[in-house]
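Please open the model in your viewer and keep the sequence panel visible. The tour below proposes a series of selections and describes what is found at each.

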Amino acid sequence: MRHSLYSKEIMKYFRKPKNVGIIKNADGKGRVGNLICGDVMELYIKVKNNKIVDAKFQTFGCVVALAVSSILTEMVKGKTIKQALKITNKDILKKSGKVPPIKVHCSFLAADSLKEAIYDYLSKNDLKIPKELQKEHKRIKKNLDKLEKEQKDFVELEKKLLNK
Ligand code: FES
């Protein structure tokens, strides 16, 4: 069966994803696109006293993208900004169980959305943005701009579906 490609954890979060949706008045928002497959993800975070107290996501992605995004939202809750910045796609994959090699790139979507949400939070609050994060932001933004330019029709459809 096709499901055997994925771990129990991936299937659990795919069937019943947690924290799907948006946070109105989020303190940070990260929108990212995956140039390999064209999928897009948005992560919203709420921050109090330098800790992430809530996280929600929306994605136009595959089984793995949906599951790892959901896993990420669970991982970041309660973390300080500094701790959350240390989360990598490898950490997310560790929590996800078996992921086919061809699907590993999907985990970057989640990891990058977290970087972007934190970047957004730090810049909105005039807080110091680490150099590495500034560099990552440039790379992620460049990819998203390229994707949105190449897939204008898809972006329009996405906006309609999300009532933006
Ligand atoms: S195939 Fe696009 S994120 Fe998984």
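Select helix 2 first: its buried residues are Val64, Ala65, Leu66, Ala67, Val68, Ser69, Ser70, Ile71, Leu72, Thr73, Met75 and Val76. A residue counts as buried if 20 or more other C-beta atoms, placed from the backbone, lie within 10 Å of its own; it is exposed if there are 12 or fewer, and partly exposed in between. Helices (H or I, at least four residues) and strands (E, at least two) are DSSP runs, numbered from the N terminus.

Two remarks on the model are in order. This is a predicted model, in which local features need pLDDT of at least 70 and side-chain atom pairs count only at pLDDT 80 or more, while totals for chains, interfaces and linings use all residues. Residues are numbered from 1 along each chain as its sequence is written.

**Helix 2 and its surroundings**

Helix 2 covers residues 63–76, and 12 of its 14 residues are buried. Now display what covers these buried residues: it includes helix 1 (8–15), strand 2, strand 3, helix 3 (81–85), helix 4 (89–96) and helix 5. Contact here requires the C-beta atoms of two residues, placed from the backbone, to lie within 7 Å.

Next, consider the length of the helix. At 1.5 Å a residue, the 14 residues of helix 2 should span 20 Å (the expected span is 1.5 Å times one less than the number of residues). The end C-alpha atoms of helix 2 are 20 Å apart, which agrees. Just after helix 2, select Gly78, which takes a positive phi of about 90 degrees.

**The sheet**

Turn to the strands, of which 3 form an open sheet in the order 1-2-3 with antiparallel pairing; two strands pair if DSSP finds at least two bridges between them. Strand 1 (28–33) and strand 3 (51–60) stand at the edges, each with a single partner strand, so one side of each has no neighbour in the sheet. From one strand to the next, the twist averages 15 degrees; axes are lines fitted to C-alpha atoms, for helices over the stretch in contact, and angles run from 0 to 180 degrees between N-to-C directions.

Select strand 2 (residues 40–48), which pairs with strand 1 over 6 bridges. Gly30 stands opposite Leu43, and the bridge partner of Val32 is Met41. The hairpin of strand 1 and strand 2 has 6 residues between the strands, and Gly38 in its turn has a positive phi of about 90 degrees.

On to strand 3, which pairs with strand 2 over 9 bridges; here Leu43 stands opposite Phe57. Their hairpin has 2 residues between the strands, and Asn49 takes a positive phi near 50 degrees. Strand 2 is largely enclosed by the rest of the structure, because 7 of its 9 residues are buried.

**Helices against the sheet**

Show helix 2 together with the sheet: helix 2 lies across strand 2 and strand 3, at about 170 degrees to strand 3. Helix 5 (residues 105–124) also packs on the sheet, where it touches strand 1 and strand 2, and its direction makes about 140 degrees with that of strand 1.

**The whole chain**

Finally, zoom out. The chain comprises 7 helices and 3 strands, running α-β-β-β-α-α-α-α-α-α from the N terminus on. The C-alpha atoms fill a box of roughly 50 × 35 × 30 Å along the principal axes. Of the 164 residues, 37% count as buried.
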